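Got the viewer open? Here is a walk through the model, one selection at a time.

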Amino acid sequence: MKKIPRNVLMKFTGITLWVFLAAQLLSGCSVAQSFMPTETPTSTATPLPTATPLPTPTPTEVPFYLDAAVMPLNQQAPILLYHRFIPDWEAKEAITFTRLSEFKNDLQKLYDSGFSLVSLKSWIDGTYLVPPGKKPLVITIDDFWFADQIYISEDGTPSPYSGIGVLWRFAQEHPDFGFSAAGFSNMGDKYYGDRQIGDKFFYGDNQDAMWLKLGQTIAWAIENGVEPYNHLLQHPMLSKTADKDIQWQIEENDRLTRYYLELAGRGDLIPRLGNMIALPFGEWPATYSGIEIIKKYQNQEGKPVEAIFEAYLYADKELTPSAFSNDFNRYNLARLTASEIMTQWLLQQAPDLPDAQSCRLGPLAQNQADDQAVIQGLISAAIQSGSCFEGAYHVGEQIFLARDGEVVPYSPPSIIAP
Ligand SMILES: [Zn+2]
């Protein structure tokens, strides 16, 4: 850039100034820079080579595609069921106790075999999503809320001495594994251990503080992907429970969950509570009328039952079909009681379980990326061409169901109580 002496600048007027400005712009200098006094030494302007006229460039259309994640319709998920968690040094009182290191090992092996977590809600309503190449896995914990299952430390994260804390840390280290779990609660059969001493949890002396801590823990759970559900108030054996008590056991459990949330000042989270039931001992009522009470139960907000779960040991192990399967029966869904042998079995099954796929849709104009009708057409075309399969297509925020030769936008069906 040339240094312009002040006296020269003073002479610029009218059209002369504009010619000067234009010249400066063409030479690539900004106007502001041109008028800035600078110490840069004067350089001789190199004359530009005679411009060879270039052919006018035709704007190149960069082809635009959308990548859909496709959940195969025959996908099945292990819904694993854990109960209590104990430190490694502690003796097991029952098979329902899992050492924290065993839990972490399970997670590592399942992750290494290609499983990713999905929430129970999303599995049941068909909106679940795992990255292409991954298989869905659901983790549930029964007999909630024991502090060894979930305990929120002062820093706002779950304690590493609780099962949810182990899961939380594992998910931080393996973000593509995801973080979610469902906790089926018995609100009326225990206190909440509101104090942590070393790697164990204890009941404090002050019951008000205990209930407040429980309410805060429930709130943390809802906000962070641990879904609270119903395992009945006192873990009753339903085959020996009278109908009116079945109703009360379900209702009272729900009422207390809401009560503790209110106590913690988090009543705003109540509308986010779902309505799923895990049968205590995996056992049904003995009478038809008792079974109907559970299936027809509506929670305090009028939400019908979204799912009822049994619990299977190794001898009766069964994966759970997806909401798109003809075998899906929301009132009778399998879960697998976690154990070393169950994990081994899952690792053996993993290679045969269908992975989520990806499907490239397009080309399309970029401004059509949210256009439902355009995407529907592209999915149909991809399937007809044989390059992609039928399934639940996740495209951005939208889901499409491609099944039986049809492609339709998908949203979870509303539940009509039986
Ligand atoms: Zn239980």
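Leaving aside its neighbours within four places in sequence, which residues is Tyr393 in contact with? Select Tyr393 and you should find Ala68, Val70, Cys359, Ile379, Ile399, Phe400 and Ala402 as its contacts beyond that window. Keep in mind throughout that this is a predicted model.

**Stop 1: around Tyr393**

Tyr393 belongs to strand S17. It counts as buried because 28 C-beta neighbours fall inside 10 Å, and the cut-off for buried is 20 or more. Now add Ala68 to the selection: Tyr393 and Ala68 are 325 residues apart in sequence, yet their C-alpha atoms are 5.9 Å apart in space.

Zoom out for a moment to put that pair in context. Among the chain's contacts with a separation of 6 or more, 69% join residues 24 or more positions apart. The chain has 418 residues, of which 36% count as buried, and its secondary structure comes to 11 helices and 19 strands.

**Stop 2: the five-stranded sheet**

Next, show the strands S16, S1, S17, S18 and S19. In that order they make an open sheet of five strands with antiparallel pairing. S16 and S19 are the edge strands, each pairing on one side only. From one strand to the next, the twist averages 30°.

Bring in helix H11, which packs on the sheet. H11 touches S1 (66-71), S16, S17 (391-395), S18 and S19, and its direction makes about 35° with that of S18.

**Stop 3: the S18-S19 hairpin**

Stay with the sheet and pick residues 398-403 and 406-409. These are S18 and S19, paired in the antiparallel sense over four bridges. Two spots help you follow the pairing: Leu401 stands opposite Val408 in S19, and Arg403 has Glu406 as its bridge partner in S19.

The hairpin has two residues between its strands. Click on Asp404, in the loop between S18 and S19. Its phi is near 50°, a positive value in a residue other than glycine. Most residues other than glycine have a negative phi. Is Asp404 buried or exposed? Asp404 counts as exposed, because there are 7 C-beta neighbours inside 10 Å.

**Stop 4: helix H7**

Move to residues 207-224. This is helix H7, with 18 residues, and from its first C-alpha to its last it reaches 26 Å, close to the 26 Å expected at 1.5 Å a residue. Colour its buried residues: Lys213, Leu214, Gly215, Thr217, Ile218, Ala219 and Ala221.

What do those buried residues of H7 pack against? Show strand S8 (181-185), strand S11 (226-230) and helix H8 (243-263), and you have the partners. Following H7 is Gly225, with a positive phi near 100°.

Then select His235, in the loop between S11 and H8. His235 is not a glycine, but its phi is positive, about 55°. His235 counts as partly exposed because 17 C-beta neighbours lie inside 10 Å.

**Stop 5: H4 against H6**

Hide the rest and display helix H4 (residues 100-112) with H6. Their axes come within 10 Å and cross at roughly 35°, and H4 passes H6 in a right-handed crossing.

For the side chains, select Leu100, Phe103, Lys104 and Leu107 in H4, which meet Gly163, Val166, Leu167 and Phe170 in H6. By class, this contact has six nonpolar, one polar and one charged residues.

**Stop 6: two cis peptide bonds**

Finish with the backbone. Most peptide bonds are trans. Where should you look for cis ones? Try the bond from Phe144 to Trp145, which is cis with omega near -5°. Trp145 is in the loop between strand S7 (135-144) and helix H6 (163-173).

The bond from Gly362 to Pro363 is also cis, with omega near 5°. Pro363 sits in the loop between strand S16 (357-361) and helix H11 (372-384). That takes you back to the sheet from Stop 2, where S16 is an edge strand and H11 packs on the sheet.

How values were computed:
Residues are numbered from 1 along each chain as its sequence is written. This is a predicted model: local features need pLDDT of at least 70, side-chain atom pairs count only at pLDDT 80 or more; totals for chains, interfaces and linings use all residues. A residue is buried if 20 or more other C-beta atoms lie within 10 Å of its own, exposed if 12 or fewer, and partly exposed in between; C-beta atoms are placed from the backbone. Two residues are in contact if their C-beta atoms, placed from the backbone, lie within 7 Å. Two strands pair if DSSP finds at least two bridges between them. The expected span of a helix is 1.5 Å times one less than its number of residues. Axes are lines fitted to C-alpha atoms, for helices over the stretch in contact, and angles run from 0 to 180 degrees between N-to-C directions. A crossing is left-handed if the near helix is turned anticlockwise from the far one by less than a right angle, and right-handed if clockwise. Ala, Val, Leu, Ile, Met, Phe, Trp, Tyr, Cys and Pro count as nonpolar, Asp, Glu, Lys and Arg as charged, and the others, Gly among them, as polar.
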